[in-house]
Amino acid sequence: MNKMCYNSIIFFIIKTQLAVHDFEQSCPCTADTLEEFFMQPCNPNAKLETKCLHAGYTPKNGGPGTVPIVQSTTYRFDSTEKVAELFDMPMEPMYSRFANPTCDAVEQKIAALEGGVGAMLTSSGQAASLLSVLNLCSAGDSIVSVSTIYGGTVNLFGVTLKRFGIECIWVDPLADEETISQAIKPNTKLIFGETIANPALTVFDIEKFAKIAHAHQIPLIVDNTFATPILCRPIEFGADIVIHSTTKYMDGHALQCGGVIVDGGTFDWEKSGKFPDFTEPDESYHGVVYTREFGKMAYIIKARMQLMRDFGCYPAAHSAFLLNLGLETLPVRMKQYCENAMAVAKMLKQSDKIASVTYPNLPDDPYHEMAKKYLPNGTCGVISISIKGGREAAVRFMDALQLASIEVHVADIRTCVLHPASATHRQLTEEQLKAAGIDGGLIRISVGLENIEDILADLQQALERV
Ligand SMILES: Cc1ncc(COP(=O)(O)O)c(C=O)c1O
């Protein structure tokens, strides 16, 4: 029998997350419970395309072919004693504010794709960024983040976390190791960066920042939204925690807002000595010591049992189901996004109306060498361009588009454009805009999966009207 099936003293969530790792082909799980219905591990050595289809949920004999939607907030028990036991040791789902079988299947899939020990879905990418940091920091702590990250995260770290008493120290992604190290103070609890920055499209030097973080006994968190695990798996380069806005490529169809936190299981909280919340009893959870009880999964279990329990920003089962549909085709879509975006980048490069094209896959892009290292199979479908004539020209170009739509969205199956300075990054000061690599003429083009000839024709006719 599979090890996880008889281990009655570990949490339901832990058991399902262990499933990613404890795959034993010859020992199928036989117990007929809802929990085990969903706990069908996928071979950890399977390729990404296979994991996208099979990790997290494999139907048992006669079971439904697709992940069932368990659209229930609650679960029924036949005795008060059982419920009391679950409060001590929640080894089965009991309330969908922090665990649900459909969400769990998707969490397992994403953990398997990123090469982590466990994952937790959230109701948005912002919630994933927030909880990933709050799981490590309290008032009085600080974090170090590169300045070229998504505008919403800049605001979250620079304004909202400040109100919580957490300071964010910004660093230039190209700064040398010594300069970055100087930003780390005794109360600094993590370093944060984005694999491919939205919308600056800088490529994050994961190995450099992992080395600096680990030299200071703190973890590295990487927002891998634009790359997805299909193009880059940050844990393989030394990141300890990976987050995503699943609203973007993972979903891909503009159907659900969501996020996910993946625990690489790589960081040694005990050795670090900087995280007493992990190594000392949690009074809010009957004295659990996360590192002692959960070992490599201490971070993700703490995030769920402490933060998700209290903040409750967990997605509905139906959202997880929709996200799963996107994940199933992610490898095919990422390949085509990259191909289409490269054709668009090359075409725009030739136009005398365009001041610059930023796409790390272009050989003359300043981040091309970094892209070759971290993203050898492509740098996603997002391109940033700067139109000659600044803000006014950018607006004329965007309003002239017929196929591509103006949307507060990116990484969609349909081509869409956005003017960051007046939309997503509107709240940033001129100085912050500059640090984030954004000027008034900058347009973010999210190249979709329409036929490339139609996409090029649309952009061409709009350029002619600038
Ligand atoms: C890189 C990145 N991280 C996080 C977020 C926030 O995600 P959400 O909009 O799902 O809250 C976004 C949103 O655009 C993003 O681009």
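Helices here are DSSP runs of type H or I with at least four residues, and strands are E runs of at least two, both numbered from the N terminus. On that basis, the chain of this predicted model contains 21 helices and 12 strands. The radius of gyration is 22 Å, close to the 23 Å given by the globule rule for 466 residues, so the chain is as compact as a globular protein of that length. A ligand is surrounded by 15 residues, and helix H7 provides the largest share of that shell.

**Overall fold**

- The C-alpha trace of the chain extends over about 70 × 55 × 35 Å along its principal axes.
- Of the 466 residues in the chain, 52% are buried.
- Among contacts with a separation of 6 or more, 71% link residues that are 24 or more positions apart.

**Ligand surroundings**

- Ser 124, Gly 125, Gln 126, Ser 245 and Thr 247 come nearest to the ligand among the 15 residues around it.
- The shell around the ligand is made up of 11 polar, 2 nonpolar and 2 charged residues.
- At least two shell residues come from each of helix H7 (125-134) and helix H8 (151-163).
- The contribution of H7 amounts to 3 residues, the largest share of the shell.

**Helix H7**

- H7 is mostly covered, with 9 of its 10 residues buried.
- Gly 125 and Gln 126 belong to the buried residues of H7, and both are also listed with the residues that come nearest to the ligand.
- The other buried positions of H7 are Ala 127, Ala 128, Ser 129, Leu 130, Leu 131, Ser 132 and Val 133.

**Helix H17**

- Helix H17 covers residues 330-349, which gives it 20 residues.
- From its first C-alpha to its last, H17 reaches 28 Å, close to the 28 Å expected at 1.5 Å a residue.
- The buried residues of H17 include Arg 333 and Asn 340, along with Leu 330, Pro 331, Met 334, Tyr 337, Ala 341, Val 344, Ala 345 and Leu 348.

**Five-stranded sheet**

- An open sheet is formed by 5 strands in the order S8-S9-S12-S11-S10, with mixed pairing.
- Strand S8 (354-358) and strand S10 (405-406) stand at the edges with a single partner strand each, so one side of each has no neighbour in the sheet.
- S8 and strand S9 (residues 382-387) run antiparallel and are joined by 4 bridges.
- Within this part of the sheet, Ser 356 stands opposite Ser 386 in S9.

Definitions and conventions: Residues numbered from 1 in each chain as written. Predicted model: local features only at pLDDT ≥ 70, side-chain atom pairs only at ≥ 80, totals over all residues. Near = placed C-beta within 6 Å. Nonpolar A, V, L, I, M, F, W, Y, C, P; charged D, E, K, R; others polar. Rg over C-alpha atoms; globule rule 2.2 N^0.38 Å. Buried ≥ 20, exposed ≤ 12 C-beta atoms within 10 Å, placed from the backbone. Contact = placed C-beta atoms within 7 Å. Pairing = 2+ DSSP bridges. Expected span 1.5 Å × (residues − 1).
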